[in-house]
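Please load the model and set the viewer to accept selections by residue number. The stops below are meant to be followed in order.

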Amino acid sequence: MERQGLIIFVKAPGAATVKSRLAKAIGEENARMLYRHFVADILETMGRGPFDVRLFFYPPDQQESVAAWLGHDRPCEPQEGSDLGERMSHAFRKIFSEGYDSLLLIGSDLPDLPATIVEAGFAALGTNDCVIGPAADGGYYLIGFKAAAFLPDAFMEIPWGSDSVCESTCRIIKAKGLRLAILPCWRDIDTIEDLKAFIASRNGTSPAGTATLRFIESEKMLNCINGSAP
């Protein structure tokens with residue numbers, strides 16, 4: 001049977017400002033608490049999937065605090081590299097070296113991402129070399145490769161943080177002649193506008209994002225979000 005793995009990047013919420021753009025609107029402590037719920041939701045959702053989940057945390061010197069937060073029984077390794085591209089490339093190479101046939105990587109600011117999207121990503125790798133999930137802000141929320149088609153170049157010289165990250169990455173992949181599948185667009189939560197869109201989109205049809213929504217619906221958070229001030 002093919003070995004499938006899902007890499008999830010997380011950030012230690014006590015190491016520095018987490019979700020800095022959100023923190024400007026709702027305050028650093030609220031942003032940290034909200035991020036913890038993001039991670040709780042995505043681990044709950046993805047933990048039920050038919051694939052292995054592997055966590056990589058940042059900064060790399062936060063092993064103890066991350067273990068205290070997420071538990072010692074969950075595989076969790078430091079992200080290594082000088083920028084996001086190097087850290088993602090390292091994670092893929094590390095887990096592929098363990099014998100996995102296909103890997104996907106996602107971030108942790110996607111509390112409502114359903115497992116069906118990830119399963120669709122693995123299914124796409126059945127007939128393609130790689131897969132990408134475009135984000136609404138021009139980045140991507142998911143990227144994945146077959147082991148034989150892994151392309152480190154896809155993470156090099158990318159304008160991280162810009163609205164052309166996904167476009168630039170797809171251009172590199174296609175230039176190498178790899179078969180690329182595109183998943184539906186999804187919105188990660190980086191700004192107060194993203195957070196409000198998440199709230200507005202909730203219709204009760206999926207359990208993904210439940211803990212985050214429950215936290216948001218507290219009177220303190222609703223007042224903070226509606227006022228857009230810490």
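How many disulfides does the structure hold? In this predicted model, the answer is zero.

**Cysteines.** Begin by selecting C170 and C166. C170 takes part in no disulfide, and its nearest cysteine sulfur, which belongs to C166, is 4.0 Å away. A disulfide would require the two sulfur atoms to be within 2.5 Å. C170 is also buried, its relative accessible area being 11%. Now add C185 to the selection. Why is C185 without a bond to C166? The sulfur of C166 is the closest cysteine sulfur to that of C185, but the separation is 8.4 Å, which is too far for a bond. C185 counts as partly exposed, with 48% relative accessibility.

**The largest nonpolar core.** Next, select I26, M46, V118 and L195. Within the largest nonpolar core, which has 49 residues, these four touch the most other members. Colour helix α2, residues 28-46, as well: this helix gives the most to the core, with eight residues. Then centre the view on L195 and display its surroundings. Apart from neighbours within four places in sequence, L195 is in contact with L22, L34, I189, I216 and I225. A separate, second core is made up of 28 residues, among them F9, F56, I143 and L180.

**Helix α5 and its contacts.** Move to A115, which is placed in helix α5 (residues 115-124). Is A115 buried or exposed? A115 is buried, at a relative accessible area of 15%. When residues up to four places away in sequence are not counted, A115 touches T45 and M46. M46 was selected earlier as a member of the largest nonpolar core. A distance label from A115 to L6 should read 11 Å between C-alpha atoms, although the two are 109 residues apart in sequence.

**A long distance for contrast.** Select M33, in helix α2, together with A148. Their C-alpha atoms are separated by 39 Å, and the two residues are 115 residues apart along the chain. M33 counts as partly exposed because its relative accessibility is 31%, a value between the limits of 20% and 50%.

**The largest pocket.** Display pockets and go to the largest, whose volume is about 1100 Å³. Select K19, L84, D109, D188 and D190: of the 33 lining residues, these are the closest to the centre of the pocket. Which elements give two or more residues to the lining? They are the strands β1 (4-11), β4 (102-106) and β6 (140-146), along with the helices α1 (20-26) and α4 (84-96). Colouring the lining by residue class shows 16 nonpolar, eight polar and nine charged residues.

**Backbone details.** Two loops complete the tour. In the loop between β2 (52-58) and α3 (63-70), select P59. The peptide bond leading from Y58 to P59 is cis, with omega near 0 degrees. Finally, select E157, in the loop between β6 and α6 (165-175). E157 is not a glycine, yet its phi is positive, at about 55 degrees. Is E157 buried or exposed? E157 counts as exposed, because its relative accessibility is 79%, over the 50% limit.

Key:
Residues are numbered from 1 along each chain as its sequence is written. This is a predicted model: local features need pLDDT of at least 70, side-chain atom pairs count only at pLDDT 80 or more; totals for chains, interfaces and linings use all residues. Side-chain values use heavy atoms; hydrogens and water are left out. A nonpolar core is a set of buried Ala, Val, Leu, Ile, Met, Phe, Trp, Tyr and Cys residues joined through side-chain atoms within 4.5 Å. Buried means under 20% relative accessible area, exposed over 50%, partly exposed in between (1.4 Å probe, protein chains only). Helices (H or I, at least four residues) and strands (E, at least two) are DSSP runs, numbered from the N terminus. Contact means heavy atoms within 4.5 Å. On a 1 Å grid over the protein atoms alone, a cavity is a set of points where a 1.4 Å probe fits but cannot get out, and a pocket is an open set with protein on both sides within 12 Å along at least five of seven lines; lining residues have an atom within 4 Å of a point. Grid points are joined across faces, edges and corners, and a volume is the space filled by probe spheres set on the points. Ala, Val, Leu, Ile, Met, Phe, Trp, Tyr, Cys and Pro count as nonpolar, Asp, Glu, Lys and Arg as charged, and the others, Gly among them, as polar.
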